[in-house]
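Colleague: Could you take me through one part of this structure in some detail? I would like to hear about the salt bridges and where their partners sit.

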Amino acid sequence: MFPLKIGYRTIKTAIGAAAAISIAQFFGLNSFASAGILTILCVQSSKKKSLHAAYSRFFACMLAIAFSFIFFETIAYHPVVLGLLLLVFIPVTVRFKISEGIVTSTVIILHLYTSKNITLGIVFNEIALIVIGIGVALLVNLYMPSLDAKLRQYQVGIEDNFRTIFQELVSYLRTNESRWVGKEIIDTARLLEEAKSIAFRDVQNHFLRSQDYYYHYFKTREKQFEIIERILPLVTSIDHLVTQRFMIADFLETLTDAIHPGNTAQLHLKRLHELQDQFKEEPLPTTRDEFEARAQLFQLLKELEEYLLIKKSLKVDQTIVKGQKT
């Protein structure tokens with residue numbers, strides 16, 4: 001038997017549902033259990049999602065009360081009328097982009113249908129259930145566990161893989177040999193996808209922050225990773241041991257040590273431009289193989305320049321890099 005895994009959302013849902021039902025029952029509301037249903041449906045994985053769910057369900061329920069009064073009181077309390085009401089009500093919620101509240105508003109519609117007489121007291125009862133259910137959900141969703149520790153773990157894992165890949169490139173440029181199987185490539189692609197998903201959820205938990213360092217950090221690393229994937233076949237296609245290979249290997253070795261949350265891209269761009277100028281001043285190649293090798297190495301420098309320009313565009317969060325090498 002495997003132990004059950006209970007997450008924060010499950011705990012908050014259980015507490016919220018119990019609290020909502022208790023409050024509704026304390027005030028003597030009819031169908032008090034419906035307050036718990038509303039709470040369960042409004043507790044989401046992030047604060048912004050929870051707020052959107054609450055907004056959609058509240059206005060859908062208000063709309064449901066109005067539609068119920070119009071259809072049931074002016075036509076009849078009949079299953080055919082109920083079906084006609086839903087036939088009109090559902091497209092309206094879709095039109096106003098509150099279709100997320102269809103299920104909960106249907107519960108309200110059925111309450112009013114079974115009452116056979118919509119009075120002011122019944123309407124107040126339904127509104128109270130809605131306010132309690134949604135209100136409790138918003139309260140329990142105010143607490144969201146910090147994702148910083150998990151995001152930093154992904155950050156470390158991705159940077160470690162970047163270092164390994166660069167070290168292998170350095171080794172190949174110097175020796176023209178490699179026994180690397182490339183598992184870090186697959187691992188990095190997986191880490192980036194997972195990290196972006198968690199970072200986006202972290203963005204959804206901040207109402208007042210339009211940007212998030214981690215999300216943009218992982219997007220930056222993703223763009224750099226695309227360049228690394230282009231660099232790998234370029235490097236392995238260079239067979240001729242020209243002098244420039246060792247110069248780029250030395251540069252890549254320095255770049256490997258600079259893979260960290262800080263942003264020192266400008267310093268490395270300066271050194272890269274010096275290398276480019278140095279290559280241009282070198283004597284022209286004397287053989288076809290040397291010409292092709294140097295052309296590929298010059299293209300490699302262009303790719304590395306793009307790699308550094310992407311990192312340069314990342315705005316560094318000093319609270320993240322504090323205490324780390326910059």
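Modeller: Happy to; here is a walk through the salt bridges, pair by pair. Please keep in mind that this is a predicted model, with an average pLDDT of 84 for the chain. The whole structure holds 14 salt bridges, and I will pick out a few.

Let's start within helix 7 (residues 148-175), where E159 and R163 lie 4 residues apart, about one turn of the helix. Their closest N and O atoms are 3.8 Å apart, and the two form a salt bridge. E159 counts as buried because its relative accessibility is 4%, while R163, at 23%, counts as partly exposed. This pair also belongs to a network of salt bridges that links E159, D160, R163 and R221.

Next comes the salt bridge between E222 and K196, with 2.7 Å between the closest N and O atoms. Here distant parts of the chain are linked: E222 belongs to helix 9 (residues 213-236) and K196 to helix 8 (residues 183-203), 26 residues apart. Both of these residues, E222 and K196, are buried.

Helix 9 returns in the last pair, as R230 and E303 meet through their side chains in a salt bridge of 2.9 Å, N to O. Again the link joins distant parts of the chain, with R230 in helix 9 and E303 in helix 12 (residues 288-312), 73 residues apart. R230 has 42% relative accessibility and therefore counts as partly exposed, whereas E303, at 13%, is buried.

One caution about the model: over residues 318-326, pLDDT stays under 50. Where pLDDT is low, the predicted coordinates should not be read in detail.

Conventions: Residues are numbered from 1 along each chain as its sequence is written. This is a predicted model: local features need pLDDT of at least 70, side-chain atom pairs count only at pLDDT 80 or more; totals for chains, interfaces and linings use all residues. Side-chain values use heavy atoms; hydrogens and water are left out. pLDDT is the predictor's confidence in each residue, from 0 to 100. Contact means heavy atoms within 4.5 Å. A salt bridge is a side-chain nitrogen of Lys or Arg within 4 Å of a carboxyl oxygen of Asp or Glu. Helices (H or I, at least four residues) and strands (E, at least two) are DSSP runs, numbered from the N terminus. Buried means under 20% relative accessible area, exposed over 50%, partly exposed in between (1.4 Å probe, protein chains only).
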